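Please open the model in your viewer and keep the selection panel at hand. The stops below are taken one after another, each with something to select.

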Amino acid sequence: MAVAVRPARAQTVAPTAVEATPRTPRNRFLQHWAGVGVYVALLILWVVAKGLPLSRTSIAFWLILGMLAFTLHDVRRWIEGVMLEWLPFIAFLLLYDVARSYANFLMPTNVALPIDGDKLFFGGHVPTVWLQQHLWHGVGDVRWYDYAAWGVYMTYFFGTLAVAAGLWIFAYQWFRRYVAMVAFLSVTGFATYLLFPAAPPWYASSHGQLGPAHRLTGAVWESVLPSFSKLVENGQALANPVAAVPSLHAGFTLLITVFLWKFCRWWWRIPLAAYPVLMGFTLTYFGEHYVVDVLAGWVYAVTAYVVVEKYASRRATRKAASSALVATEP
């Protein structure tokens, strides 16, 4: 005889305090943008009180703090990223800055060779001298394009780190590849500074080997913000004046463009393509580099991109093949 079995009555479990107040998408959204808002407010207050953060350490501090604002939902990831990735990355860049300042003690400084290079490309003329003769009107008559060029120039100091922070937050799978390119470009540039220390136009002019060519980076703001121009001059005094070939200002700018190119829609590619060109013009006009320095920086950047991309692609292919082989094994 068949026996009917009554289904067991489901037990009702009282929700815990955590279950009673689940983290909804709305709560995550508010938490995320609240953190970003606080960060932006703090940054604005800092800029108003102390000015723009221009040193490597201050820029890194604010970018790392910004990363925390965007990852409040996963603070553990932020802590691990700062300790294992960002602190070594920043330490490497600081070490590069220090090492570059001593890179001219091994070989004699080349002053005439870059001048000859520009004259070869431009029919006996040096573009820096020509541009300043036609565009620069002195500290008392700074034009709009001087301010625009200065703005482009200053993006160098935070551009590389800002792109790295953006990748870490929004496209982490590309972060380490980009950092490897930055490291490759820095090391190859430093090796060149050791073996071929070369003077920029303003240096050659001050030593009587080139026509009038002034260093305009600090002079642009001298009549408006004298204290700020002093800050720029102090920063320039710490740099190596004969680390001009290749121009890593130009190199890092092009690296940003080349790396981000595949991620951008066509309308973003227009300013992205203009960025290294404007930086190259600014460096030449401001007396920081010759055109041949800029071209050399671009060659180094493309080389860094190609070498790291090929290595990463081959490594990914080998890893995929290894995973496929393991999956097919009985």
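Which residues lie nearest the centre of the second largest pocket? Select Gln173, Arg176, Arg177, Ala312 and Arg315, which lie nearest its centre among the 14 residues of the lining. The elements that give two or more residues to this lining are α9 (175-195) and α15 (291-328), and the largest share, 6 residues, comes from α15. The volume of the second largest pocket is about 500 Å³, and its lining has 8 nonpolar, 1 polar and 5 charged residues. In these classes Ala, Val, Leu, Ile, Met, Phe, Trp, Tyr, Cys and Pro are nonpolar, Asp, Glu, Lys and Arg are charged, and the others, Gly among them, are polar.

Before going on, note that this is a predicted model, in which local features need pLDDT of at least 70 and side-chain atom pairs count only at pLDDT 80 or more, while totals for chains, interfaces and linings use all residues. Residues are numbered from 1 along each chain as its sequence is written, and side-chain values use heavy atoms, with hydrogens and water left out.

Pockets and cavities are both found on a 1 Å grid over the protein atoms alone: a pocket is an open set of points with protein on both sides within 12 Å along at least five of seven lines, a cavity is a set where a 1.4 Å probe fits but cannot get out, and lining residues have an atom within 4 Å of a point. Grid points are joined across faces, edges and corners, and a volume is the space filled by probe spheres set on the points.

Next, select Arg56, Leu93, Tyr156, Thr160, Val182 and Phe252, which line the largest cavity. The count is 1 cavity of 30 Å³ or more, and the volume of the largest cavity is about 40 Å³. Its lining is made up of 4 nonpolar, 1 polar and 1 charged residues.

Keep Tyr156 and Phe252 selected and add Tyr153, Phe157, Phe281, Tyr285 and Phe286, since ring pairs link these residues into a cluster. Rings of Phe, Tyr and Trp (its six-membered ring) pair if their centres lie within 6.5 Å, with planes under 30 degrees apart counted as stacked, over 60 as edge-to-face and the rest as tilted.

Phe252 also leads to helix α13, where it is one of the buried residues; helices (H or I, at least four residues) are DSSP runs numbered from the N terminus. Helix α13 (residues 248-261) has 14 residues and reaches 19 Å from its first C-alpha to its last, close to the 20 Å expected at 1.5 Å a residue, where the expected span is 1.5 Å times one less than the number of residues. Of its 14 residues, 12 are buried, among them Leu248, His249, Thr257 and Phe259. Buried means under 20% relative accessible area, exposed over 50%, and partly exposed in between (1.4 Å probe, protein chains only).

From Thr257, turn to helix α14 (residues 266-285), which holds Ala274 and Pro271. The C-alpha atoms of Ala274 and Thr257 are separated by 9.1 Å, and those of Pro271 and Thr257 by 9.3 Å. Ala274 is partly exposed at 30% relative accessible area, and Pro271 is partly exposed at 44%.

Now select Trp266 and Trp267. The structure holds 19 aromatic pairs. The ring centres of Trp266 and Trp267 are 5.8 Å apart with the planes at 80°, so this pair is edge-to-face. Trp266 is exposed, at 59% relative accessibility, whereas Trp267 is partly exposed, at 44%.

Finally, look for charges over rings, which requires NZ of Lys or CZ of Arg within 6 Å of the ring centre and within 35 degrees of the ring normal. Arg77 lies over the face of Trp168, at 3.9 Å from the ring centre, and the charged end of Lys262 sits over the ring of Phe259, 5.7 Å from its centre.
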